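Q: Please take a close look at a single part, the contact between the chains. A connected account will do.

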Protein chains: 2
Amino acid sequence: MSTESLYELMSTQRAIRRLRPDPIPEDVLKRIMQAAAWAPSGGNRQPWRMVMVHGRDLKTRLGELYTRRWNTFVTGYRKRFTDAPEAERQQQERTIAAGDYLASHMGDCPVVAVVCFNPQFMAVTDADQDRVSVVGGGSVYPAVQNLMLACRAEGVGCVLTTLLCMDEPAVRELLGIDPDWFTAAAVPMGYPVAGGYGPTARMPLGELFYRDAWGAS
Amino acid sequence: MSTESLYELMSTQRAIRRLRPDPIPEDVLKRIMQAAAWAPSGGNRQPWRMVMVHGRDLKTRLGELYTRRWNTFVTGYRKRFTDAPEAERQQQERTIAAGDYLASHMGDCPVVAVVCFNPQFMAVTDADQDRVSVVGGGSVYPAVQNLMLACRAEGVGCVLTTLLCMDEPAVRELLGIDPDWFTAAAVPMGYPVAGGYGPTARMPLGELFYRDAWGAS
């Protein structure tokens, strides 16, 4: 277990999309899963499950589904940066290249965690608002974040992906997911091909946090 | 900053609902906010903002709104445990008593973080599935979990609440939230009245994780 401090871990929690095929030792994987299990959830219902996909054929099939969605996604994603400064565009092209690698190598990484949820165990308090609901995710993604922070601490690379939710019926059939459960994310995991974790680029606090009123500092 | 290890922090991340009115020092609060800012989000868009509510009148009003929803919620919550074993019922009554305290003292705690999100900066990949959407939360609740883990590390109590999402129009008016942004959570924060953080009760790994297929170990 890493002895680096919490803030050192969080500040270097980079998305890692180039993952080596080397297996993750069972004890390491178990600590990562335990970290997810510790996460809080509404009413402590823990309305999530993770199918840890190890089987080569299953991962390859997930990769095929993912690649199709990724290629469509990238077309739109690239358009957002057409008029961006050259440096920003180059940064985005590096991200896209890493995403291309992930898509074409998903079958090679040792584990893909397919995260599922059951809305029957959730109080979705924003269900009646006239906009997309997110509150159910409040009992799912803290566990995913714990999983990923534990990966960071263990030196295991990973990235939160959600494109496979568009293929939920196919993923359901592939993994035999119970009809009452649905998909929230897929987290490919494995040791990094290149440098791995390191500094990230985030917005300054002044743009993310207000005091007492919207827009106020 | 705490030097306790990541897993020690995660394994004792208990919901703290009894919060002292003592202020949180600015440097502590800033580290907690920075932890949230480090969280990953889809396309690194960081589609969340937090209004850190310090003003007494604002917190009191949030508490009034919260209390009304909480009292309704508790009626249903208690019914779930009518036929539960005595020990479990007593545990739930302790949770309810802590929730009652939170509701009636929200105006007293030093800060309530009201978490907002903007769906225009999200790729909500499960929007077309025939069930409640959660994916937008994947770019919001990792930041909330970072915030809460940092609170844990700093000895500041907190709890993820979502009942105020039912009063989004009133909360929007109170804090002047931009029309393009919506509410995802409210996290009351403050030093614990009683013992604070400690062990939690979570499901065993075997019930939360499957291998290669639903229900398989």
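A: In this predicted model, the contact takes 76 residues from chain A and 76 residues from chain B, where two residues are in contact if their C-beta atoms, placed from the backbone, lie within 7 Å. On the side of chain A that touches chain B, at least two residues each come from helix H1 (6–11), helix H2 (26–37), strand S1 (48–53), helix H5 (141–154), helix H6 (168–175), strand S4 (182–190), helix H7 (205–208) and strand S5 (209–211) of chain A. Helices (H or I, at least four residues) and strands (E, at least two) are DSSP runs numbered from the N terminus. H5(A) gives the most to this side of chain A, seven residues. By type, the residues of the side of chain A that touches chain B are 46 nonpolar, 21 polar and nine charged; Ala, Val, Leu, Ile, Met, Phe, Trp, Tyr, Cys and Pro count as nonpolar, Asp, Glu, Lys and Arg as charged, and the others, Gly among them, as polar.

Residues are numbered from 1 along each chain as its sequence is written, and chains are lettered from A and ligands numbered from 1 in the order in which they are written. Because the model is predicted, local features need pLDDT of at least 70 and side-chain atom pairs count only at pLDDT 80 or more, while totals for chains, interfaces and linings use all residues.

Strand pairing also joins the chains: S5(A) and strand S1 (residues 48–53) of chain B run parallel, joined by three bridges. Two strands pair if DSSP finds at least two bridges between them. Opposite Phe209(A) stands Met50(B) in S1(B).

An open sheet of five strands, with mixed pairing, has the order S3(A)-S4(A)-S2(A)-S1(A)-S5(B). Its edges are strand S3 (157–158) of chain A and strand S5 (209–211) of chain B; each has a single partner strand, so one side of each lacks a neighbour in the sheet. At one edge, two bridges pair S3(A) with S4(A) in the antiparallel sense, and Cys158(A) has Met189(A) in S4(A) as its bridge partner.

Helix H3 (residues 56–79) of chain A packs on the sheet, touching S1, strand S2 (111–117) and S4 of chain A, and its direction makes about 110 degrees with that of S1(A). Such angles run from 0 to 180 degrees between N-to-C directions, with axes fitted as lines to C-alpha atoms, for helices over the stretch in contact.

S2(A) pairs antiparallel with S4(A) over seven bridges, Val115(A) having Ala185(A) as its partner in S4(A). S1(A) and S2(A) are also antiparallel, over six bridges, with Arg49(A) partnered by Cys116(A) in S2(A). Seven of the seven residues of S2(A) are buried, so S2(A) is largely enclosed by the rest of the structure; buried means 20 or more other C-beta atoms within 10 Å of the residue's own, exposed 12 or fewer, and partly exposed in between, with C-beta atoms placed from the backbone. One face of S2(A) carries Val111(A), Ala113(A), Val115(A) and Phe117(A), and the other Val112(A), Val114(A) and Cys116(A).

The largest nonpolar core has 134 residues, and Val187(A) and Val187(B) have the most contacts inside it. Such a core is a set of buried Ala, Val, Leu, Ile, Met, Phe, Trp, Tyr and Cys residues joined through C-beta atoms within 7 Å. Leaving aside residues up to four places away in sequence, Val187(B) touches residues including Val112(B), Val144(B), Leu147(B) and Cys158(B).
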